[in-house]
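Subject: Structure handover

Hello,

Please find the structure below. My notes on it follow.

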Amino acid sequence: MKSLGSIRRAFAPWNDPGAKPYIHFDRVTKKFGDFTAVNDLSLAIYEREFFALLGASGCGKSTLLRMLAGFEEPTSGRIMLDGQDLAGIPPYRRPVNMMFQSYALFPHMSVEKNIAFGLKQEGMPKADVEKRVTEMLKLVKLEPFAKRKPHQLSGGQRQRVALARSVAKRPKVLLLDEPLGALDKKLREETQFELMDLQQELGLTFVVVTHDQEEAMTMADRIAIMDKGQVMQVATPAEVYEAPASRFVAGFVGNVNMFEGKVAERSGNSARITGGTGAEITVENAGEAVKDTEVSFAIRPEKIRISSKRPADAINALQGEVYDIAYLGDMTVYHVRLDDGQMVRAATMNATRVADDPLTWDDRAWISFRPDAGVVLTR
Ligand code: ATP
């Protein structure tokens, strides 16, 4: 059997110019009175994709899901699903189902009755309902709990009942609004992998709303980073992290150090950037940076090396003082105040129990990094 990883690595329809999007938000705007919750937004999602909408509270993610489900109508623009315009189609006639954060289980019904409810309402024959419920219980590994009521289950089990109920009708698209929000950290992590397995097994398209970036990075094929009703970038988790398109995205996803400066020199793909106080950085992949313009150089803490002496081979090395140290067990994060006053975070994996080059508070220290370790941002 092929591993999940190898299947997912090969899955990239967005790179295929011939592939047609399955869900297409086409210049969609949603206004509530004077307030614009979704602003002229276009987005393409592919069949069988695990797609995440990531953004701060109030950025319009849930509104986008609700329009896809049919609980809200766009003020302008179109939403297409499998080539069909969804305008005017009521929620129950869309091949879409939504799982809410609250799970909305019926408290007085057993697990199996909760799962069966929607199927019965649809008029499915009794024998078929029973067969489908058994199948669903098996899928989410809740067979021993079929007769229990929701209050007799753990948070994780309730989440699985809600999931079984949402996929029981075999929708083509499942919308999940903060699906793991009610679970504690450890259970969330386990459940993320279960969700990914389930999505693969059923061959569904998942669109998940979350404000938890680790969750989006773990589960999604691609992530849309949203801000103020607009999409700032759509890319794979690795691209979003390693090649953010703007200062906003770089700052939103993960920790980042930002150096502000001017492009003093450009040659081929590389550039020399000078900061206000004369510190110099040489970078590769200078992208769209133009000579004599202001840019930001964004670099992740784990790509910065910290040492007591200037590494002999370092192209970029800046000196400062250890201001703070956060020991996190697996890694240590050093906060270094550079001589020009800028604070920089450098993260070091604790591969050994005792550090080779121990640095402590107030020590003089060098930070250094490779020219290709960060990205130059012009937006
Ligand atoms: P959260 O993570 O907090 O749920 P979100 O990104 O999902 O945030 P939305 O629920 O989509 O945000 O809301 C976007 C904006 O639209 C918010 O400012 C919200 O107050 C506003 N909004 C949403 N629904 C309505 C409504 N029915 N009437 C008026 N304003 C609304």
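A residue is called buried under 20% relative accessible area, exposed over 50% and partly exposed in between, with a 1.4 Å probe and protein chains only. By that rule, 45% of the 379 residues in the protein chain are buried.

This is a predicted model, in which local features need pLDDT of at least 70 and side-chain atom pairs count only at pLDDT 80 or more, while totals for chains, interfaces and linings use all residues. Residues are numbered from 1 along each chain as its sequence is written, and side-chain values use heavy atoms, with hydrogens and water left out.

The fold: the protein chain has nine helices and 20 strands (DSSP runs numbered from the N terminus; helices are H or I with at least four residues, strands E with at least two). Its C-alpha atoms fill a box of roughly 75 × 50 × 45 Å along the principal axes.

The ligand: the residues around it (a heavy atom within 4 Å) include Phe32, Phe35, Ala37, Gly58 and Thr63. Strand E2 (35-45) and helix H2 (61-69) each supply at least two residues of this shell, and H2 gives the largest share, three residues.

Polar side-chain atoms of Ser57 and Ser62 each lie 2.6 Å from an oxygen atom of the ligand, and one of Lys61 lies 2.9 Å from a ligand oxygen atom. Taken alone, the ligand exposes 630 Å², of which the protein buries 58% (Shrake-Rupley accessible areas, 1.4 Å probe; for residues, only the protein chains shown count as cover).

Regards

Notes
A polar contact is a pair of N or O atoms within 3.5 Å; within protein, one must be able to donate a hydrogen and the other to accept it, and residues adjacent in sequence count only if both atoms are side-chain atoms.
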